[in-house]
Amino acid sequence: MDKLLKNYRELISRIDQHIEQLARVHGDNIFCKKGCDDCCRHLALFPVEAFNLARAFGALDDLSREKIEKQARENSGICPFLQAHICMVYSDRPVICRTHGYPLYMEKDGEGMVDFCPKNFKGATEFSRSDMLDLDRLNTLLFAVNNHFVACFEEDFPDRIWMKQALTLSLA
């Protein structure tokens, strides 16, 4: 499975490098930290991300897995991997979780716009292009990585897999 997730892990590494650079430059204006979980919701993911979560879930201890499974059954809308305000699979969290809150550049109706968590970058009116993640480009890369991943299997996967469904994915 590690070999199949190689491209995804490389994409994650590039995203993490960007966010580390943002933290060096804008650290005083970034309030996303351990315990800040307002954005942690139960989401649907590309299969490559769901399998990565399944791998991380399988590596957890029995008690942690039981807590996550219980939360997944409760259908509260909260991410099942969030326990006591802590992400139990933080190092393996999906792209949306890694990028949420940081400046994302996107185009809507041909006009460029920037989105970020209102708790971050208070008072910021503009960002340098190097501060922003281009959401369209990022989604294109993730889509390509996912397509390559699913092409390695004979079975068909749905376009999206809910986080709680990642708990039952077979890694064999």
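Among contacts in the protein between residues at least 6 apart in sequence, what percentage join residues at least 24 apart? The share is 77%, with contact meaning heavy atoms within 4.5 Å.

**Figure 1. Here is the whole predicted model, before the close-ups.**
This is a predicted model, where local features need pLDDT of at least 70 and side-chain atom pairs count only at pLDDT 80 or more, while totals for chains, interfaces and linings use all residues. Residues are numbered from 1 along each chain as its sequence is written, and side-chain values use heavy atoms, with hydrogens and water left out. There are 5 helices and 7 strands, and walking along the sequence you meet them as α-β-α-α-β-β-α-β-β-β-α-β. Helices (H or I, at least four residues) and strands (E, at least two) are DSSP runs, numbered from the N terminus. The C-alpha trace spans about 45 × 35 × 30 Å along the principal axes. What radius of gyration does the protein have? The answer is 17 Å, which agrees with the value near 16 Å for a compact globule of 172 residues. That radius is taken over C-alpha atoms, and the globule rule is 2.2 Å times the number of residues to the power 0.38.

**Figure 2. Now for the surface and the charges of the protein.**
The accessible surface comes to about 10,400 Å², and 51% of it belongs to carbon and sulfur atoms. These areas come from the Shrake-Rupley method with a 1.4 Å probe; for residues, only the protein chains shown count as cover. Buried residues make up 37% of the 172. Buried means under 20% relative accessible area, exposed over 50%, and partly exposed in between (1.4 Å probe, protein chains only). As for charge, there are 22 positive and 26 negative side chains, and the centres of the two sets lie 4 Å apart. Lys and Arg count as positive and Asp and Glu as negative; His and the chain ends are not counted. Each charge is placed at NZ of Lys, CZ of Arg, CG of Asp or CD of Glu.

**Figure 3. Lys 6 and Glu 10 pair up within helix α1.**
Their side chains meet in a salt bridge (2.8 Å, N to O), one of 8 in the structure. A salt bridge here is a side-chain nitrogen of Lys or Arg within 4 Å of a carboxyl oxygen of Asp or Glu. Lys 6 and Glu 10 are 4 residues apart in the helix, so about one helical turn separates them. Lys 6 is partly exposed at 48% relative accessibility, and Glu 10 is partly exposed at 39%.

**Figure 4. Arg 9 and Asp 92 form a salt bridge.**
The N to O distance is 2.8 Å. This pair links distant parts of the chain, 83 residues apart: Arg 9 sits in helix α1, and Asp 92 in the loop between β3 (86–87) and α4 (95–99). Arg 9 is partly exposed, with a relative accessible area of 30%, whereas Asp 92 is buried at 10%.

**Figure 5. Arg 98 and Asp 16 meet in a salt bridge too.**
Once more the N to O distance is 2.8 Å. Arg 98 lies in helix α4 and Asp 16 in helix α1, so the bridge ties together parts that are 82 residues apart in sequence. Is Arg 98 buried or exposed? Arg 98 is buried, at a relative accessible area of 1%, while Asp 16 is partly exposed at 22%. Elsewhere, salt bridges with shared partners join Asp 2, Arg 9, Arg 55 and Asp 92 into one network.

**Figure 6. Asp 37 is buried but has no salt bridge.**
You'll find Asp 37 in the loop between α1 (6–26) and β1 (44–45). The nearest side chain of opposite charge to Asp 37 is Arg 41, 6.9 Å away. Which residues does Asp 37 contact, leaving aside its neighbours within four places in sequence? They are Leu 82 and His 85.

**Figure 7. Ala 84 and His 85 lie in the loop between β2 and β3.**
Strand β2 covers 82–83. Phi of Ala 84 is near 50°, a positive value in a residue other than glycine. His 85 isn't a glycine either, yet has a positive phi of about 65°. Ala 84 is exposed, with a relative accessible area of 69%.

**Figure 8. Lys 67 sits in helix α3 (residues 62–74).**
At 44% relative accessibility, Lys 67 is partly exposed. The C-alpha atoms of Lys 67 and Phe 127 are separated by 40 Å, with their positions 60 residues apart along the chain counted as the distance apart.
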